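Please examine the fold shown below with attention to how its helices and strands are arranged. The paragraphs after it lead through the main elements in turn.

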Amino acid sequence: MSGTLSILPHIVASSASRWPDRIAVEAGDRRWTYAELDAEASRLAHALGSGGVGHGDRVVVCLQKSLEAVASIFGIQRTGAVFVPLDPAAPLSRQSAIVADASPRAIIGTGDRLADLARAACGPSPALLVNAGHPLSAPEAVPGSRLLEWRDLGQGAARGDAEPSPGCLASILYTSGSTGVPKGVMISHANVLAFTSWAARRFGLTPDSRVTSVAPFHFDLSTFDLYSTLEAGGTVLLVPRQVALFPAALAGFMDEGRATHAYLVPSTLTALLLKGGLLARRLESLGTILFAGEVFPPRHLTALMEGLPRAALYNLYGPTETNVCTFYQVQPGDKGSERPVPIGEACSGDTVFALDDQGGLVTGPGTEGELLVAGPTVALGYWGDAERTSGAFMESHPAAPPGQRVYRTGDRVTLDRHGRWRYAGRRDQMVKSRGYRIELGEIEAALLGHPAVAEAAAVGVPDEEAGHRVEAFVTLRGEATVPGMASLQRHCVEKVPRYMVPERIEVLPVLPTTSTGKVDRQALAARRSSAKR
């Protein structure tokens with residue numbers, strides 16, 4: 001099956017030829033078979049190609065989870081173009097920054113937000129706009145762009161010369177950036193398939209599999225939900241945002257949908273346990289639970305093991321720049337442990353190793369170092385940012401196989417006595433909260449945009465359920481009136497996604513500093529931790 005695939009468009013085409021009448025995607029009471037998904041992807045590819053979209057062009061997609069969103073991904077990639085997903089719930093300012101950076105040839109969206117995004121593009125307007133939802137109030141609002149309605153897309157296939165090669169750029173996933181500007185991780189077809197083909201085999205996906213798709217498409221956890229499932233001929237169960245936000249509703253969705261596999265961040269699993277009544281449901285079909293994105297609190301993992309004893313549990317690890325590069329199957333002996341489970345061993349064809357503070361290899365227990373990843377899942381770099389790319393990626397390393405790119409994760413790890421990697425924390429200002437990787441510097445940049453704020457420092461306060469709570473401290477300019485916390489939070493909502501808005505913002509006369517004059521974030525985090533006691 002997977003061994004014959006070399007590019008992502010082959011996934012749906014291959015599965016449609018083998019299982020044309022099986023259900024590929026479900027979204028509420030709507031569902032498409034593989035034949036229907038293949039046909040819709042071809043219709044879009046034909047329209048994009050006819051509109052001038054081709055190899056290397058970026059196509060921005062701003063859609064809620066839907067059948068059309070799935071077809072958009074494969075339709076774009078059939079033209080050799082690059083899929084650039086936006087968070088549809090993000091502020092327009094953040095969406096516009098990504099559009100300006102990506103300079104798309106086409107945008108797929110819905111309603112007047114589609115026109116807003118088109119106007120945000122740098123240079124000429126996008127050649128093509130595809131509306132997949134509510135109509136625009138003023139269709140002529142973007143001069144120079146051709147507007148198509150999804151329902152009016154014609155029939156046809158992508159041009160014969162459209163097929164990309166495995167090393168071509170397939171998608172750009174934008175993650176939090178320390179300068180206040182999101183950074184685009186460039187991912188090739190080969191990068192994705194190295195993980196998804198391994199995962200489809202390792203986690204036993206078949207045409208009978210029913211996989212919940214909770215993660216939004218701009219979040220790399222969705223890679224397994226979508227590509228691995230469709231590669232195996234299974235069914236993707238698209239979880240609406242309004243369901244994903246409420247633990248009880250999500251638990252019911254998984255139960256009623258007869259889900260066989262679920263891939264979630266630990267904070268979501270914890271919420272399902274504590275607030276969603278997950279263990280009160282039978283969930284007889286759920287045989288595999290994958291989790292990633294943050295450390296799973298040991299006592300909640302134990303509760304999950306005891307409540308769902310038939311389910312196989314796996315801890316997956318890897319930043320967006322590598323997708324999943326290590327994994328660990330939770331063992332019976334992990335039950336009741338006070339220590340988080342390991343991130344495990346290399347997978348997806350990758351090689352992982354760690355360097356200590358002197359640059360030497362970590363070869364045994366007792367030494368902490370930074371984890372590096374080499375292999376087929378390592379991304380191509382950062383879109384339009386050669387300096388940042390050269391700082392995080394290396395073309396080779398003596399500890400890596402010849403010819404394989406290497407990524408410096410910034411994560412600190414140790415080896416245990418069994419030779420398994422264990423996560424020990426970050427080396428920079430990045431934290432994980434509810435599965436999202438957050439650059440604290442981006443939050444600080446947003447706060448500094450407030451007219452009353454002189455200085456800002458964001459910190460991650462360890463939290464058992466969320467991984468970290470994001471909180472912030474500010475000082476004020478001159479005689480500025482002290483703004484309320486709600487006012488500062490509203491300001492942040494306009495600049496960053498809601499998951500990055502600090503839960504608490506405290507005004508201080510001065511920010512504490514270290515002996516070198518830097519803001520003492522450890523002191524600030526300790527201040528908040530002690531305040532919670």
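The account that follows treats the sheets and the helix packing.

This is a predicted model, in which local features need pLDDT of at least 70 and side-chain atom pairs count only at pLDDT 80 or more, while totals for chains, interfaces and linings use all residues. Residues are numbered from 1 along each chain as its sequence is written, and side-chain values use heavy atoms, with hydrogens and water left out. Helices (H or I, at least four residues) and strands (E, at least two) are DSSP runs numbered from the N terminus.

One open sheet holds nine strands in the order 2-1-11-10-12-13-14-15-16, and its pairing is mixed; two strands pair if DSSP finds at least two bridges between them. Strand 2 (30-33) and strand 16 (345-346) are the edges of this sheet, each with a single partner strand, so one side of each has no neighbour in the sheet. Within the sheet, strand 13 (residues 288-291) pairs with strand 14 (residues 312-317) in the parallel sense over four bridges. Leu 290 has Tyr 314 in strand 14 as its bridge partner. Strands of a sheet pair through backbone hydrogen bonds, either parallel or antiparallel.

The helices can be taken next, beginning at the N-terminal end of the numbering. In helix 1 (residues 9-18), the residues Pro 9, Ile 11, Val 12, Ser 15 and Ala 16 are buried, that is, under 20% relative accessible area with a 1.4 Å probe and protein chains only, where exposed means over 50% and partly exposed lies in between. Their cover includes helix 2 (34-50), helix 3 (67-78), helix 6 (189-202) and helix 7 (222-231). The axes of helix 1 and helix 3 come within 8 Å and cross at roughly 110 degrees; axes are lines fitted to C-alpha atoms, for helices over the stretch in contact, and angles run from 0 to 180 degrees between N-to-C directions. Helix 1 is therefore roughly perpendicular to helix 3, a term for angles of 65 to 115 degrees, whereas those under 35 count as roughly parallel, those over 145 as roughly antiparallel and the rest as oblique. Pro 9, Ile 11, Val 12 and Ala 13 of helix 1 meet Phe 74, Gln 77 and Arg 78 of helix 3, contact meaning heavy atoms within 4.5 Å.

Helix 6 is mostly covered, with 11 of its 14 residues buried. Among them are His 189, Asn 191, Phe 195 and Trp 198. The buried residues of helix 6 pack against helix 1, helix 3, strand 8 (169-175), strand 9 (183-188), helix 7 and strand 15 (326-329).

Another helix pair is formed by helix 9 (residues 247-256) and helix 10 (residues 266-274), which pack at an angle of about 95 degrees with their axes 8 Å apart. Helix 9 is thus roughly perpendicular to helix 10. Pro 247, Leu 250, Ala 251 and Met 254 of helix 9 make the contact with Thr 268, Ala 271 and Leu 272 of helix 10.

Further along the chain, three strands form an open sheet in the order 25-26-27, with mixed pairing. Strand 25 (453-463) and strand 27 (504-507) stand at its edges, each with a single partner strand, so one side of each lacks a neighbour in the sheet. Strand 26 (residues 467-476) and strand 27 pair in the parallel sense over four bridges, and Ala 472 stands opposite Ile 505 in strand 27. Helix 13 (residues 440-448) packs on this sheet, touching strand 25, strand 26 and strand 27. Helix 14 (residues 485-493) lies across strand 25, strand 26 and strand 27, running at about 120 degrees to strand 27.
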